[in-house]
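Student: I should like to look closely at a single part of this protein. Please guide me through it in a connected way.

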Amino acid sequence: MRILLTNDDGIHAEGLASLERIARTLSDDVWVVAPEQDQSGYAHSLSISEPLRLRKIGEKHYAVRGTPTDCVIMGTKKILPGPPDLILSGVNSGANIADDVTYSGTVAGAMEGALLGVRSIAVSQAYSYVGEDRVVPYETTEALAPALLKRLVETPLPEGVLLNVNFPNCAPDEVEGTVVTSQGKLVHSLWVDERRDGRGLPYYWLRFGREPAEGRKGTDLYAMRNRLVSVTPLQLDLTAHELRDQLTKALS
């Protein structure tokens with residue numbers, strides 16, 4: 001099995017090294033094509049207004065000056081000797097759940113794989129802060145992902161479907177199980193923070209708030225809060241099919 005790895009945290013991210021160790025429990029034919037720099041929050045964006053720069057950094061390891069989507073395209077269309085059988089995107093530093101899925105470059109890497117007809121799985125690890133330091137328990141993903149991925153790889157998926165897997169913020173032996181979930185719903189938690197530069201001119205940062213979020217049972221949010229591994233099937237078809245007849249009648 002030929003596996004292509006990518007991420008959105010960048011080629012030197014600790015989570016990508018963790019994902020490679022996981023992938024090597026599945027196959028010896030593992031390729032890494034990841035962004036040169038952090039591309040968190042770039043979602044499913046393409047670099048079409050500037051060239052892609054490619055740098056080989058080791059055997060089967062490449063950095064692309066572009067987005068996760070660019071990396072998957074470069075990997076499948078240019079770098080690998082043939083199409084991959086599996087694309088893994090991650091391990092992201094932080095969970096990608098609920099509405100955050102729409103912003104996630106990690107999920108976007110798996111989305112592009114699904115568009116290309118390749119089985120694709122996004123993998124993320126929830127974290128916490130100790131003081132001002134982010135503490136990401138990648139050991140949880142590394143301990144549990146190999147067996148889970150082997151089962152997911154063997155499970156048939158319809159065309160246009162990818163899997164979004166999130167591991168809870170706890171030690172491996174504290175995980176309560178694995179559940180299949182739906183996307184939860186966040187209270188919108190992005191805020192505009194206005195600041196001033198050295199000349200007194202304004203500039204702005206988008207920042208995350210800490211608003212309460214819906215945590216219904218069966219959602220990815222509920223799983224993370226209850227120390228459960230969350231497996232969410234996502235589909236590329238965004239059509240609201242239940243409204244088609246209603247809209248047809250309204251426009252007739």
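Student: At which residues does UniProt place the feature "binding site"?

Tutor: The model is predicted, so local features need pLDDT of at least 70 and side-chain atom pairs count only at pLDDT 80 or more, while totals for chains, interfaces and linings use all residues. Residues are numbered from 1 along each chain as its sequence is written, and side-chain values use heavy atoms, with hydrogens and water left out.

The UniProt record, an unreviewed entry, places the "binding site" at D8, D9, S40 and N92. UniProt positions follow the numbering used here, feature names are shortened, and annotations may be inferred rather than shown by experiment. These residues span 85 residues in sequence, yet no two of their C-alpha atoms are more than 9.1 Å apart, so they gather at one spot.

Let us begin with D9, which lies in the loop between β1 (2–6) and α1 (14–23). Helices (H or I, at least four residues) and strands (E, at least two) are DSSP runs, numbered from the N terminus. D9 counts as buried because its relative accessibility is 18%; buried means under 20% relative accessible area, exposed over 50%, and partly exposed in between, with a 1.4 Å probe and protein chains only. Setting aside residues up to four places away in sequence, D9 touches D38, S40, V91, N92 and S93, where contact means heavy atoms within 4.5 Å. Two further members of the annotated site, S40 and N92, are thus among the contacts of D9.

The side chains of D9 and S40 are also joined by a polar contact of 3.1 Å. A polar contact is a pair of N or O atoms within 3.5 Å; within protein, one must be able to donate a hydrogen and the other to accept it, and residues adjacent in sequence count only if both atoms are side-chain atoms.

S40 itself is located in the loop between β2 (29–35) and β3 (54–58). With a relative accessibility of 37%, S40 counts as partly exposed, whereas D9 counts as buried. Apart from neighbours within four places in sequence, S40 is in contact with D8 and D9, and both of these residues belong to the site in the UniProt record.

In summary, the record names D8, D9, S40 and N92, and the side chains of D9 and S40 share a polar contact.
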